[in-house]
Amino acid sequence: MASHVQEALRLTEYVKAFYKTGAYIGVVTEDKDSVKVVQIKDVLKHPIQGDLHNPNQTDVPLFHERKALAFNERANIPATMVKPFDGKPGDYYEHLAEAVMELEWRLKEEDSAFNQKSLEALAGVKKEYELMYNMNFS
């Protein structure tokens with residue numbers, strides 16, 4: 001089965017890649033055995049905000065504003081986090097907006113200190129997207 005999976009991850013074929021807390025569709029442009037270089041083509045799930053090493057914590061040295069990987073950005077992703085994807089990517093910017101709104105909706109479901117701080121960080125990320133990509137979240 002391993003050879004089937006490896007065959008499915010040939011260069012230029014679409015893959016689903018999980019990077020930090022985001023999920024993407026991309027193309028493997030380089031195979032470094034334990035790491036795949038994935039060129040991002042679509043966003044499936046927006047990364048959560050905050051410190052990855054202290055999930056759901058607000059009392060951390062730096063509460064990160066996490067943006068999604070950019071369209072055509074290349075990322076080194078552990079091979080175990082790259083899976084075959086049967087399909088084609090959609091519109092990156094449309095799906096980015098949907099992923100942001102989905103994350104925002106989930107954060108608003110429960111009133112907690114972490115969710116409030118995440119919503120503040122996400123507001124900053126949305127402003128950056130508006131400037132970078134001429135998006136409108138209003």
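This report describes helix H2 and the aromatic residues at its start.

The model is a predicted one, in which local features need pLDDT of at least 70 and side-chain atom pairs count only at pLDDT 80 or more, while totals for chains, interfaces and linings use all residues. Residues are numbered from 1 along each chain as its sequence is written, and side-chain values use heavy atoms, with hydrogens and water left out.

Helix H2 covers residues 92–109, and because its 18 residues at 1.5 Å a residue should span 26 Å, the 26 Å between its end C-alpha atoms agrees with expectation; the expected span is 1.5 Å times one less than the number of residues. Helices here are DSSP runs of H or I with at least four residues, and strands are runs of E with at least two, numbered from the N terminus.

Tyr92, Leu96, Ala99, Val100, Leu103, Glu104 and Leu107 of H2 are buried, where buried means under 20% relative accessible area, exposed over 50% and partly exposed in between (1.4 Å probe, protein chains only). Seen down the axis, these buried residues fall within an arc of 135°, so they line one face of H2; the arc is that of the directions from the helix axis to the C-beta atoms. The face turned away from the buried side carries the exposed residues Trp105, Lys108 and Glu109.

Two tyrosines at the start of H2 can be set side by side.

| Residue | Relative accessible area | State |
|---|---|---|
| Tyrosine 92 | 2% | buried |
| Tyrosine 93 | 35% | partly exposed |

Tyrosine 92 and tyrosine 93 form an edge-to-face aromatic pair, 4.9 Å centre to centre with 80° between the planes; rings of Phe, Tyr and Trp (its six-membered ring) pair if their centres lie within 6.5 Å, and planes under 30 degrees apart count as stacked, over 60 as edge-to-face and the rest as tilted.
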